[in-house]
Amino acid sequence: LWSLHPILVFKFVVNCRHLPSLAVPETTNEKYLWRKIFDRNPLFIVLSDKLETKRYIAQQCPALRTAKVLWQGNDIHDAPTHVLNSPGFLKANHASGFNLRLGAGEQDLEDLHRLTSKWLGVRYHRRHGEWGYADVKPRLFVEEDLEVGASEQLTDFTVYAYGDRITHIAVMHGHKTNNVKVARFDGRGNRLARPLAGARKVLGKDQHGHDIVASVIPESYRLPPGFEQMLSYSRQLTKGCDHLRVDFIWNGQAFYLTEITIYSMAGYIEYDDEHLFEQMGSSWDLRESWFLQTPQSGWRKLYARWLSDRL
């Protein structure tokens, strides 16, 4: 397997600093790599497409809110002027990180055209072998800004679900800003140990070269009302699947689903909490995966039988 997938193995070693066990993966990151190579669940294609995900959510959980799509198309020149000049988010459906906040006021259409043309030209799945993105047809869309009319600061919730099991919820204030505050809770809403060694941690650089600094949400913080329903939605959406990361935003009135992620952090998660990281790996049962639940053929059939006997 290493020789068949040298680029993926090399990127894994660079990011995780050890050779992966691929035949019988054990850690969370090894299981993400195994998923990239073996698991061809058709649902992954739907969930890798941000627009198709909204349609899927509407079918599976009609009461669960998602941000409204104000426009979608293949050319930014076709977008209505009033949509581009109003608060919202310009995004691409086929990749992670392709988004731009639109403020009130006139936008430079040619700058937007140059930016979105680059977005549409990227084949995102090639970067880290994230197979689910491969068949997503690139498309642009503008989404409403959930901060408009919010009664309090937006809070991001990242739920790590494994079938009906939830290892933890990552809570973030100021997500994607240079001053992020974070905390973690278990699947019952109990706060876990402080997630950072020390009070502050530099996570990286923003687009302007400034440090992205994470600090801890104060101990006085309490999860908002209705978080149990958020977890119920996460379990419902993960039913029949071995693992999904389900993301939400709370705007003071309601939870909105923002994204379902197949390969969290491209499959290179690094946690300061080793016990939690081990718990994530042990909670992920590959016997529930599409690959092992669906009849395979050829050598994959033999491997699936061999792997099932060792899990």
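How do the residues of the lining of the largest cavity divide into nonpolar, polar and charged? In this predicted model, the lining of that cavity comprises four nonpolar, two polar and two charged residues, and the way to it leads through the strands that are described below.

A convenient starting place is strand β11, which spans residues 244–250. Seven of its seven residues are buried, so β11 is largely enclosed by the rest of the structure. In a regular strand, side chains alternate between the two faces of the sheet. On β11, Leu244, Val246, Phe248 and Trp250 point one way, while Arg245, Asp247 and Ile249 point the other way, and all of these residues are buried. The group of Arg245, Asp247 and Ile249 therefore includes residues that count as charged, Asp and Arg being placed in that class, and they too are buried, which here means under 20% relative accessible area.

Strand β11 has pairing partners that can be followed one after the other. With strand β6, residues 155–162, it pairs in the antiparallel sense over seven bridges, and within this pairing Tyr160 stands opposite Arg245 of β11. With strand β12, residues 255–261, β11 is joined by six bridges, and these two strands also run antiparallel; here Asp247 stands opposite Glu259 of β12. The connection between β11 and β12 is a hairpin with four residues between the strands, and Gly252 in the turn has a positive phi of about 100°.

Another hairpin is formed by β7 and β8, with five residues between them, and Gly174 in its turn has a positive phi of about 70°. Strand β7, residues 165–173, is joined to β8 by five bridges, the two strands running antiparallel, and Val171 has Ala183 in β8 as its bridge partner. Strand β8, which covers residues 179–185, is mostly covered, with five of its seven residues buried.

Strand β12 leads back to the cavity. Rolling a probe the size of a water molecule over the atoms shows where empty space is left. A search of the whole structure finds one cavity of 30 Å³ or more, and the volume of the largest cavity is about 60 Å³. Its lining consists of Leu47, Ser48, Lys50, Tyr133, Glu259, Ile260, Thr261 and Ile262. Both α3 (42–48) and β12 supply at least two residues of this lining, and the largest share, three residues, comes from β12. Glu259, which stands opposite Asp247 in the pairing with β11, is thus one of the residues that line the cavity.

The helices offer another part of the picture. Two packed helices are described by the angle between their axes and the distance between the axes. For helix α2, residues 28–38, and helix α9, residues 274–283, the angle is about 40° and the axes lie 8 Å apart. The contact is made by Thr28, Asn29 and Lys31 from α2 together with Phe277, Met280 and Gly281 from α9, and these residues divide into two nonpolar, three polar and one charged.

The second largest pocket holds about 270 Å³ of space. Of the 16 residues that line this pocket, the closest to its centre are His18, Thr27, Asn29, Ile269 and Phe277, and among them Asn29 and Phe277 also take part in the contact between α2 and α9. The helices α1 (6–16), α2 and α9 each supply at least two residues of the pocket lining, with the largest share, four residues, coming from α9. By class, this lining has five nonpolar, six polar and five charged residues.

Technical notes:
Residues are numbered from 1 along each chain as its sequence is written. This is a predicted model: local features need pLDDT of at least 70, side-chain atom pairs count only at pLDDT 80 or more; totals for chains, interfaces and linings use all residues. Side-chain values use heavy atoms; hydrogens and water are left out. Buried means under 20% relative accessible area, exposed over 50%, partly exposed in between (1.4 Å probe, protein chains only). Two strands pair if DSSP finds at least two bridges between them. On a 1 Å grid over the protein atoms alone, a cavity is a set of points where a 1.4 Å probe fits but cannot get out, and a pocket is an open set with protein on both sides within 12 Å along at least five of seven lines; lining residues have an atom within 4 Å of a point. Grid points are joined across faces, edges and corners, and a volume is the space filled by probe spheres set on the points. Axes are lines fitted to C-alpha atoms, for helices over the stretch in contact, and angles run from 0 to 180 degrees between N-to-C directions. Contact means heavy atoms within 4.5 Å.
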